[in-house]
Amino acid sequence: MPTTPDPNPAAPAPEPAPTPEPTPTPHRVPEISSLGLDALVTEVAERLQVAADRMQRLLEAVVSVGAGLDLHATLERIAAGAAELVDARYAALGVVSPAGQGLSDFIHVGIDDPTAAKIGDLPQGRGILGVLIDHPEPLLLDDLSQDPRSAGFPPEHPPMSSFLGEPIRVRGEVFGNLYLTEKRGGGGFTPEDAQVVHALAVAAGVAIENSRLYEAGRRRERWIAGAAAVTTALLSTDDAHSALAVAAEQVRELADAELGMIMLPTSDGSMRVSHASGADAEYVIGELVPGSGYAAKLRDGESVFIDDMSKDPKLVMRLARSYGPSMALPMVAAGGVLGGLVVWRGRDARPFSESEKELAATFASQAALALRLAEGQRDQQRLAVFQDRDRIARDLHDLVIQRLFATGMMLESAARTAQVPEVVERIGHAVDELDATIQEVRTTIYALQHDDHGDQPDTLRTRVLREGSQAAAALGFKPSMTFMGPVENLVSDATARQLLAALREMLSNTARHARASRVGVEVDATVHLDDQGHPVSGDPEAPDRAGRPGVLLTVTDDGVGIPEGGRRSGLANLRRRAEHLGGDAWHEPGPNRRGTRARWSARL
């Protein structure tokens, strides 16, 4: 049976319909609240706010720390600012001593004054405080009292547990340490607290350095002003004594000491306290420091520094062991030591710093230079005075005395031609007056040529002149003074003392009894005395003159004279003084039988 052909022989077989893919289930995003993110954001925001607040407080503390230049006030602000930053109940700042042994200062915050008084002495840097001194690194402790390195607390001390310590460095050196205890709210200090305190300590170091530089500048300014005051005093006055007293007072005040002294060298190699300022000044003035040890170093131009004189057995000054630190500096100028400048501080006072030693040494050098300049200035002034005195003396000798001699010779010539006895007598009296005037002028010339009132040693001539000046008040006028011969060289000290006592008594008797209008004093060291102590008559220039050399004191007045039967007790006293020296004392009528001439003699 025929097959019916396929009308589409090439057409493929139909494919089965594809299986539809399953529709994906939509993903559900969890809610934020279910993850706690809002709490996390809140916590982060709170922490950022705390950090911002702490940073703001740190900035405020840094600004406060650098707000002033007074060092002690700066240290108080640092301690208070640190306590506020980390919420500490107590804070302190201990200043390490220059030698690194213990504390030289201790500033505390949080303990009131009554409690501090009950506790007693401030810490000296032992225990945990000493750990920071020996190992200046940050230190965190949860319980201070449980640490084996703790030295415990004194009675009446408030309890302290948590502790944070941080060193303060100034130019790489440890200046001191910050101590913070008892964090408020309980618990211990955190590393974040330590970081904040460290940042404050860095700023505190800068502030402390600024304060120290400021105080050093002020201190140097005060020393310079003190040296200027001493220089002015020395150059503006002829009284070196008062100027050196100013120097002693200035150095005591500038060195913050209790006693300031000026020592001057003596001829035997020792040093003597010439000027002093302070509570014990009256007890040390005039004290002699033997020329060994302390004084020898000063005379050699060396400085002497002692941290505690109370523990130095080698010191020989009486009050030295009642004081503490001291420094002695030589006053050197033009290669010579003019003296020493010495200051003493009280017991338990801090030793002198290197800066104070340098400033005091500079002050001593400036004072010595000013003293040398003042001496040169006074020498120039004295030289000008001497030149004037020499000129006046020459004029007196060449003009005045020559004219007086000529006048005397004219009068003597006139007396020889006079016929009236009364005229002859009056001319003779005038010649005697001229002779007396010539003697007084000669005495004046000698005084002008010799510095009797200057800085030369006190001579017999000056002391006789002084006795005459002192008697002027009782006499009502100044007696005339005449000297014959080099009395200051020939008369010994023992004889001079007796002569002055005799002169004082003779002038006193004259003032009480003579009622004189004129008194003359003559000291003659050219006489020769016989065995009775009376002057030998004859030519005083004769080489074979008899008798022994002596001195004759004569006081002549134009008063009422000594009445017959009057008291002779004064003359007896004078005679006893003279007899011990191989002389005598007597009186006689004055020239022309007027007044009294009292005489006192002694052998040389």
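**Close-ups of salt bridges and a pocket**

**View 1. Glu 356 and Arg 350 pair up through their side chains in a salt bridge, at 3.1 Å from N to O.** This is a predicted model. The two partners sit in rather unlike surroundings: Glu 356 is buried, at 5% relative accessible area, while Arg 350 is partly exposed, at 47%. Arg 345 joins in as well, linked with Arg 350 and Glu 356 in a network of salt bridges. Across the whole structure, a search turns up twelve salt bridges.

**View 2. Here's a salt bridge within helix H10, between Glu 354 and Lys 357.** Their closest N and O atoms are 3.6 Å apart. Both residues belong to H10 (residues 354-417), and three residues, or about one turn of the helix, separate them. Glu 354 is exposed, with 53% relative accessible area, whereas Lys 357 is buried, with 15%.

**View 3. Asp 584 reaches Arg 575 in another salt bridge.** The closest N and O atoms lie 3.4 Å apart. Asp 584 counts as buried, at 13% relative accessibility, and Arg 575 as partly exposed, at 29%.

**View 4. Now for the second largest pocket, with about 880 Å³ of space.** Its lining is made up of 26 residues, and Asp 432, Ala 436, Thr 556, Pro 591 and Arg 597 are the ones nearest the centre. Elements giving two or more residues to this lining include helix H11 (421-449), strand S15 (548-557) and strand S17 (596-603). H11 supplies the largest share, seven residues. Sorted by class, the lining of this pocket has twelve charged, eight polar and six nonpolar residues.

Technical notes. Residues numbered from 1 in each chain as written. Predicted model: local features only at pLDDT ≥ 70, side-chain atom pairs only at ≥ 80, totals over all residues. Heavy atoms only, no water. 1 Å grid on protein atoms, 1.4 Å probe; cavity = no way out; pocket = protein on both sides within 12 Å on 5 of 7 lines; lining within 4 Å. Points joined across faces, edges and corners; volume = space filled by probe spheres on them. Helix = DSSP H or I, 4+ residues; strand = E, 2+ residues; numbered from the N terminus. Nonpolar A, V, L, I, M, F, W, Y, C, P; charged D, E, K, R; others polar. Salt bridge = Lys/Arg side-chain N within 4 Å of Asp/Glu carboxyl O. Buried < 20%, exposed > 50% of the residue type's maximum accessible area, 1.4 Å probe, protein only.
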